[in-house]
Every structure is written in C-alpha cells, then in structure tokens.
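Me: Please take a close look at one part of this structure for me. I want to understand how the two chains meet.

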Number of protein chains: 2
Amino acid sequence: MMLRYEEALRLEPARLRGEIARGRWHGPTGGLAPGHVQANLVVLPEHLALSFFTFCQRNPKPCPILEVTEPGRPHVTDVAEADLLREIPRYRVYRDGDLVDEPLSIEPHWREDLVAFLLGCSLTFEDALVRASVPVRHLEANRTVPMYETRIPCRKAGPFRGNLVVSMRPVPGHLVSKAVLITSRFPFAHGSPVHVGDPAEIGIEDLEVVRFGDPPVMEPGDVPVFHACGVTPQVVAMQSRPELLMSHEPGHMLVCDIESRALEAL
Amino acid sequence: MMLRYEEALRLEPARLRGEIARGRWHGPTGGLAPGHVQANLVVLPEHLALSFFTFCQRNPKPCPILEVTEPGRPHVTDVAEADLLREIPRYRVYRDGDLVDEPLSIEPHWREDLVAFLLGCSLTFEDALVRASVPVRHLEANRTVPMYETRIPCRKAGPFRGNLVVSMRPVPGHLVSKAVLITSRFPFAHGSPVHVGDPAEIGIEDLEVVRFGDPPVMEPGDVPVFHACGVTPQVVAMQSRPELLMSHEPGHMLVCDIESRALEAL
C-alpha cells in the first residue's frame, strides 16, 4: 500500500528510503525529511567518468559534488548509508542521449564499470528559507519546484556540453536579500542564485512553460529567483549522447542522512 | 643572468612566468606577485586520474581543485594562460613512489596520456593577512613556509592514501580569530585552519624539524596555526607508488594571472 504524503513527512531519511525501496513511495521528495540534504544522482560508465568529473569541476554551480563511488559499487556511505539502485523514488535511463526507461529501480541496468556521482540539490536549503520566513511557494502549494533550460552554456569537458538548467522560486522583493544570503551558505547545494529578475535575460520565454517540475505559483510583488539546478547533467546527456547515463527523475531525489546545516560553509 | 628577489617582486604574473620559463628564476614563489592566486601542480597518467579526482573530492581541504586539463594538453587557460611544462620554477618527478628527478622543465617527461590538476595554495591568502595586519613571519624573514606531515590520515580513493600535510604560520594569540576569518574566505586556497595550537595533537613532534620548506620563526605569544597543504599529494604519491606523478617543488608554485579576491567565497 502506498504511503500518503502526511505519512512520508513523518519519516526519518533512512526509514523513508526503506519505504521507497519497498515501492511504497514513488513521488517527489520536496518538503520531505525537512532540514536534511537531498541529492541528484548521475551514473556513467568509467570511461566517461573523468570527463564528467571535469565537467562538474568547471561548472560548480549546477554540479556541486557531494560523493563519488568507486567503479562498480552502487552504494554511498558519506551523505547517507544508501543503496543507489532502489532508494530513489524514480529513475531515468538515457542511452545515446535518448530517454529509454523511467524505472523504480536501476538494478537491471547496473554494470561493474559504472561510477555514481551525487550532486547537491536546492531542495536542501528550502527548510532554511522556511525557518527564516521566506515563503517557498511550491512547497505551500504541494507542487514540485519549476525547472527551466536556460540559454547559458555550461563550460564543456570532453564530450559533455549543454545549457544550464535552473530552478525558480518566486520571492517577495523585500525578501530577495534574505534568500540570497541564506542560500549562499549552502554552496554544496548550488549556493546563491545565478540570476534574479527577468527570465528573458537567461533565455526563458514563458515561466508557465516548465521543462521539468510544475508551473510556478507567483504572488503579486514576487520576483523570480533562479538557482543552478542538478538536472543540468540530464540536459547535457541529451545533447552529448553518452552511451549510458542514469539519473533520478527530476524532483525525485536521494534523501540523505546528514542534515543541511552539517554542510554549511565555514 | 638570474633575477634578484627585488626584481622578481616587481613583475606581473605573466612576465614572472616568462622569466621562469627562460630559466631566470628557480627560487620559491612566496611573496611574489602579491594578491594573486598561486597553485600546486599534480600530473598523473589518465588511468589514475579518476581515482585522484575522487581523492581530491574526498579531501577538499588539502586538495581544492582550481583547474583540470584535457588528457595530453599541458596548458591551462582559466587561472592563468600558462604552459605547465616550464613556467614553474622547479618540478619533482616521482616514479613508483621514488623521487627520481627535480628538473626545471618537465617537457622531456610529458606524454599524451597525462592529465594535470592545479590545486589551490595557501600562499594565495598571505597578502590578505598582511593587508589585515596579521604578521606572516616567514615572509618577513624571507623564508619558505614550514610544512609538516601530520598523523591525520586522508580519506582514500582507489590507490591513493596517505597522511595530511600542513603548512604552519605562527600568529599572535589576539590575531588568531582574524587569521581564521580571513583565510575562511578562501576555500579554494585551503580555507580556514585545520588545527590551532599544540602540534603534538596532530602528530608533529618538533616544529623545528620540517618536512618541506624552512624552519619557522616564532615570536613570544605566537600560536601555531595549521592549514591543509597542497603538498599532500606528494606524500600520498610516495605511499601509493603510482607509476608516474609529477609535481612542483614545494614552495615553488605556479603563479596565476587571476587575483585572489576574484575567487573569494560568495
């Protein structure tokens, strides 16, 4: 039987991941396990891993690396004691740049030459915004954060190239400073915004037309605040066409054991 | 004819690197090009590069990555427009963990499968300390910063394992706070100290017995302040015995074009 949101909300990260592995939660993770780190997943064959690592180093805003596995080992131990094959609510499998599967487990696709990267995620700092009385509109409306592909090119590395993906949160004008200062304390979760204001400036024509997630909830006086997004590697995959790239379903993250504040900039 | 220190001190980074390439400066770079980034060099065969990249990700205090080259290309473009083969005053070549050469150029050793990593260096923030009236004793005495191997193990990755190397600066007790706060603004240059106070706590028995650099100059009331050091990979190389690892001579860094403040944490 599936969990209801209110039930999922009460679970500690390890319990929540256990329920996910048992197939009892396939939904997005925004708002769950408040105050804990959430992570993006990218899995690639070892022969592409050095280039992707370099891509992340050259694009630290969308791709802050939390943890990297040894080739062939689908487990992480630092940010969570987690099985990467089935403890994420839903996955995406890209072959030669095409989305070929959206499974609940990537066990059937696992190989001995695969390397997994966990990248930081902006859901990590939403609890800090809420506690500072900065409204997080999509959480209040129980939606997934809206995500857009921009016209800002990432710096390329090896075969990896593509445009920056951003998440967007509408913030009342007098709270934009607070949103910038709070999120800047979380560089491993994309840090401060990459853009504040006019979406057209970064190539987004219509905020209603999202690339991933749900359309935004805007209140009068809200200013769009854009953070670099860990879905960027999926757009890069579609453009770079690696033999195999596996990732999470956008918005459906690995919920980690460590608390966000444990990784605040010092 | 060799440059005198006073002449070298007047040169912009690109001019200084040009003189180094022409063999007119083989000395340490501490104090030169004040306010500019300085970098550690690590060169490895591509088949070891993914493991070393992971080692750096797991040990960000000693190994903050500034730039990584595509395999076979001995040039960098971001932190400096520099030729890595001859624009560092002196190099070290390790084969199977043994130091086999200390050349002025690594051109004879270069191969098509080599990848170069530039890591941040604590010399980067010394100018900020001086400008904030925190004395930097080794600069005042025209010595190289003292460096020590600690008993703190790094987190391992693939074949790479070994102990943390630290640099030490004696700081008057009432200025330790200032030294912590200023250096914390430079996470790409090792950031805040890893230890303040008793050297024995981290396995250093005698501050006079340095592993690299010159013995320290301590004034009455000074407290030892230890920063993670980018020479760590050289100690790791000696323990892990990779087929080939090339690096800079400790204290003899790549002097970069960009200013330190351009990389301050935001």
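Reply: Start with the symmetry. This is a predicted model, and chain A can be laid on chain B with an RMSD of 0.0 Å. The operation is a turn of 180° with a shift of 0.0 Å along the axis. That is the relation of a two-fold axis. The same surface serves both copies, as 100% of the contact residues of chain A recur in chain B.

Which residue of chain A comes closest to the rotation axis? Leu50(A) does, with its C-alpha at 2.6 Å.

Now the contact itself. Chain A supplies 14 residues and chain B supplies 14 residues. On the side of chain A that touches chain B, two or more residues come from each of helix H3 (46-58) and strand S2 (65-68) of chain A. H3(A) gives the most to this side, with six residues. By type, the side of chain A that touches chain B has seven nonpolar, five polar and two charged residues.

Next, the nonpolar core. The largest one holds 153 residues. Within this core, Ala39(A) and Ala39(B) touch the most other members. In chain B, domain 1 (7-20 + 28-122 + 240-260) and domain 2 (131-228) both give residues to this core, so the core lies between them.

What does Ala39(A) touch, leaving aside residues up to four places away in sequence? Its contacts include Leu66(A), Val79(A), Leu118(A) and Leu119(A). Gly120(A) and Cys121(A) are also among them. Met253(A), Leu254(A) and Cys256(A) complete the list.

Note on methods: Residues numbered from 1 in each chain as written. Chains lettered and ligands numbered in written order. Predicted model: local features only at pLDDT ≥ 70, side-chain atom pairs only at ≥ 80, totals over all residues. Core = buried A, V, L, I, M, F, W, Y, C linked by C-beta atoms within 7 Å. Buried ≥ 20, exposed ≤ 12 C-beta atoms within 10 Å, placed from the backbone. Domains from an automatic or database assignment. Contact = placed C-beta atoms within 7 Å. Least-squares fit on C-alpha atoms with pLDDT ≥ 70 in both. Helix = DSSP H or I, 4+ residues; strand = E, 2+ residues; numbered from the N terminus. Nonpolar A, V, L, I, M, F, W, Y, C, P; charged D, E, K, R; others polar.
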